[in-house]
Amino acid sequence: PATGSPVLDVRQARKAFGGLVAVNDVSFALNAGEIVGLIGPNGAGKSTLFNLISGVLPLTAGEVHFMGERVDGQPSRKLAAAGMARTFQHVRLLPAMSVIENVAIGAHLRGHKGWLAGVLRLNRTEEASLFAEARTQLDRVGLGEAATREAGSLALGQQRILEIARALACDPVLLLLDEPAAGLRHQEKLALAAVLRQLRSEGVSILLVEHDMDFVMGLVDRLVVMDFGTRIAEGEPEAIRYNPAVIEAYLGG
Ligand code: ADP
Ligand code: MG
């Protein structure tokens, strides 16, 4: 990013679905090397905000700036190529394909063409380099030994980490993770947190949606809290934990 400018700068982002304002003029920034948690009760607008940031949905109003450039209106494919990678709330792997093939497809997304057309036209050299890149990312997240297994045969915690490896294959500056810890066992959550801390130490910035406050508390640098589409609080985890508006949002609903 240009010196001083945040990796991600969301300005007055708004999304209306008919009469329902799912994201209501939300602003926040994420600086290089930070892990920021986006939390809030179900229906708060977290996934919608992710979709606005990553170009999956158009904004009703507001702006998204990535690495100092205004990017709202650009398609997600272009944003991925520019260094913004994401995962979705529900696992989107190709379960019958191998672990490494799932990542190789992610590596291919770095190009601008649609992945399927591209995969069909790959020559051997291109294919070899995609698989080498995929192998690097699997080793990076500790899944190297599972490379030839069927993706669908992995435990859920490993599938989530595999999705992160696939996102890493786009060589992102910013990773957007939508509820990566949902449904995971305690040990799996610890393994996931370790991977995310390591990525942060390598300079990857991370925006993470999470419903479960306990998981994010020990991991994130900062929290942004949403309720009914609105940003109701922002700050360091310890301050947020005792914020009356946050307690009300979680307990009052
Ligand atoms: P969260 O991820 O915080 O649980 P969402 O962003 O999924 O919340 O949803 C926020 C609100 O927007 C909810 O009321 C949801 O029903 C609504 N919503 C989300 N996507 C759509 C859509 N495509 N069309 C209409 N309403 C939607
Ligand atoms: Mg959601």
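User: Before we look at the fold, where do the domain bounds come from?

Analyst: Domain bounds come from an automatic or database domain assignment. Here that splits the chain into domain 1 (1-83 + 173-253) and domain 2 (95-171). Keep in mind that this is a predicted model.

User: Okay, how far apart are the centres of domain 1 and domain 2, and how many residues does the contact take from each?

Analyst: Taken over C-alpha atoms, the two centres are 25 Å apart. The contact uses 13 residues from domain 1 and 13 residues from domain 2. On the domain 1 side, α2 (76-81) and α7 each bring at least two residues, and α7 gives the most, with 4 residues. By class, that side of domain 1 has 8 nonpolar, 2 polar and 3 charged residues.

User: Now the sheet. How should I read strand pairing?

Analyst: Strands of a sheet pair through backbone hydrogen bonds, either parallel or antiparallel. In this model there's an open sheet of 6 strands, in the order β6-β7-β8-β3-β9-β10, and the pairing is mixed. The edges are β6 (84-86) and β10 (230-235), each of which pairs on one side only. From one strand to the next, the twist averages 15°.

User: Which residues can I use to follow the pairing of β7 with β8?

Analyst: Start with leucine 174, whose bridge partner in β8 is serine 205. Then go to leucine 176, which stands opposite leucine 207 in β8. Overall, β7 (residues 174-178) and β8 (residues 205-210) pair in the parallel sense over 5 bridges. Over towards β6, that strand and β7 also run parallel, joined by 3 bridges. There, alanine 85 has leucine 175 of β7 as its bridge partner.

User: And which way do the side chains of β7 point?

Analyst: In a regular strand the side chains alternate between the two faces of the sheet. Here Leu174, Leu176 and Asp178 point one way from β7, while Leu175 and Leu177 point the other way. Buried is the word for every one of them: 5 of the 5 residues in β7.

User: What lies across the sheet at β7 and β8?

Analyst: That's helix α7 (residues 186-201), which lies across β3 (35-39), β7 and β8 and runs at about 150° to β8. Helix α10 (residues 244-252) also packs on the sheet, touching β9 (222-227) and β10, and its direction makes about 130° with that of β10.

User: I see a positive phi at aspartate 25 and at glutamate 179. Where do these two sit, and is each one buried or partly exposed?

Analyst: Aspartate 25 has a phi of about 55° although it isn't a glycine, and it is found in strand β2. It counts as partly exposed because it has 15 C-beta neighbours inside 10 Å. Glutamate 179 isn't a glycine either, and its phi is about 50°. Glutamate 179 lies in the loop between β7 and α7. With 22 C-beta neighbours inside 10 Å, glutamate 179 counts as buried, because the cut-off for that is 20 or more.

User: Last one: which residues surround ligand 1?

Analyst: The shell holds Phe17, Leu20, Ala22, Gly40, Asn42, Gly43, Ala44, Gly45, Lys46, Ser47 and Thr48. Sorted by class, they divide into 4 nonpolar, 6 polar and 1 charged. As for where they come from, β2 (20-30) and α1 (46-53) each supply at least two, and α1 gives the most, with 3 residues.

Definitions and conventions
Residues are numbered from 1 along each chain as its sequence is written. Chains are lettered from A and ligands numbered from 1 in the order in which they are written. This is a predicted model: local features need pLDDT of at least 70, side-chain atom pairs count only at pLDDT 80 or more; totals for chains, interfaces and linings use all residues. Two strands pair if DSSP finds at least two bridges between them. Axes are lines fitted to C-alpha atoms, for helices over the stretch in contact, and angles run from 0 to 180 degrees between N-to-C directions. Two residues are in contact if their C-beta atoms, placed from the backbone, lie within 7 Å. A residue is near a molecule or strand if its C-beta atom, placed from the backbone, lies within 6 Å of it. Ala, Val, Leu, Ile, Met, Phe, Trp, Tyr, Cys and Pro count as nonpolar, Asp, Glu, Lys and Arg as charged, and the others, Gly among them, as polar. A residue is buried if 20 or more other C-beta atoms lie within 10 Å of its own, exposed if 12 or fewer, and partly exposed in between; C-beta atoms are placed from the backbone.
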